[in-house]
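This briefing introduces a structure to a reader who has not seen it before. Please look over the sequence and the model before reading the points below.

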Amino acid sequence: MSNKGYFVHESSYIDDNVSIGEETKIWHFCHVQSGAQIGQKCSFGQNVNVSNNVIIGNGVKVQNNVSIYEGVELEDDVFCGPSMVFTNDMNPRAKYPKGSAGYKKTLIKKGATIGANATIVCGHTVGKWAFIAAGSVVTNDIKDYAMVIGVPARQVGWICECGEKLPKDLVCKQCRRKYNEHKIGLVEIK
C-alpha cells in the first residue's frame, strides 16, 4: 500500500482528478483517466484502461486486458474476466467521432460476472448477480440472476448469488438461498 491508502504499480499512469478508494490495487501497465471514480478494495490486473468519467463501485475485480470506456458504470462486487470488452458507440466511424455526448450508457449491476472474452454491447443493463459466460455477446438487457451464453447471449438458466447454477425449484444446493421469479429476474426470499 502507498501512503494514499491504495496501491498503484510504478508502470501505471493515474491522471489528475481521479478518485481511488482505500485498499484498491492497480497493477502493471494500467491507465486511469481523468474524472474516473474507483471504489474501495478493487483490483485491476495488468493492462487495464479506465476511461474518463467512469464510475466503479467497491470490491470490483477487473482482470487483465480490459478497457472500461466512458459511459460504463460498474456497481459493487462486479467481476470482469480477462480480455472482456465493453463498447460505448453503436455505430462508430473514425472520420465522424461523436464524443462523449454520443456514447450509450451501460450499467453492470451489483455482483454480476462477465466471463473472459465476452462482449457487452453498449446501451444495456446487466442485472445484479447475473452471469455472462465466457465468449458471449450481450445485445439486450440481462435480468437479475440470469445465466446467459452464446452469440448473441441467450438465457439458459438462473444462478445464485454464491455462483451455483440454480435447479428448477430455485433453491440453491450450496448456500440454501431461495428465490422467486419476477419480471426483473429473480428475487431472493428472505
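Which residues does I68 touch, not counting residues up to four places away in sequence? I68 is in contact (heavy atoms within 4.5 Å) with N49, V50, S51, V54, I56, V62, L74 and F86. The model is predicted, so local features need pLDDT of at least 70 and side-chain atom pairs count only at pLDDT 80 or more, while totals for chains, interfaces and linings use all residues. Residues are numbered from 1 along each chain as its sequence is written, and side-chain values use heavy atoms, with hydrogens and water left out.

**Nonpolar core**

- The largest nonpolar core (buried Ala, Val, Leu, Ile, Met, Phe, Trp, Tyr and Cys residues joined through side-chain atoms within 4.5 Å) holds 45 residues; buried means under 20% relative accessible area, exposed over 50%, and partly exposed in between, with a 1.4 Å probe and protein chains only.
- F44, I56, I68, L74 and F86 have the most contacts inside this core.
- Two or more residues of the core come from each of β12 and β21.

**Strands and sheet**

- An open sheet with parallel pairing is formed by six strands in the order β3-β6-β9-β12-β15-β18; strands are DSSP runs (E, at least two residues) numbered from the N terminus, and two strands pair if DSSP finds at least two bridges between them.
- At the edges are β3 (19–20) and β18 (125–126), each of which pairs on one side only.
- Within the sheet, β9 (residues 55–56) is joined to β12 (residues 72–74) by two bridges, and I56 stands opposite L74.
- Strands β21 (residues 146–149) and β22 (residues 154–158) run antiparallel and share four bridges, with M147 opposite G157.
- The hairpin of β21 and β22 has four residues between the strands, and G150 there takes a positive phi near 95 degrees.

**Salt bridges**

- The whole structure contains six salt bridges (a side-chain nitrogen of Lys or Arg within 4 Å of a carboxyl oxygen of Asp or Glu).
- K110 and D77 form one of them, with their closest N and O atoms 2.8 Å apart; these residues are 33 apart in sequence.
- D89 and K98 also meet in a salt bridge, at 2.8 Å from N to O; D89 is buried at 15% relative accessibility, whereas K98 is partly exposed at 36%.
- R177 and E161 meet at 3.5 Å, N to O, and both belong to a network of salt bridges with E188 and K190.
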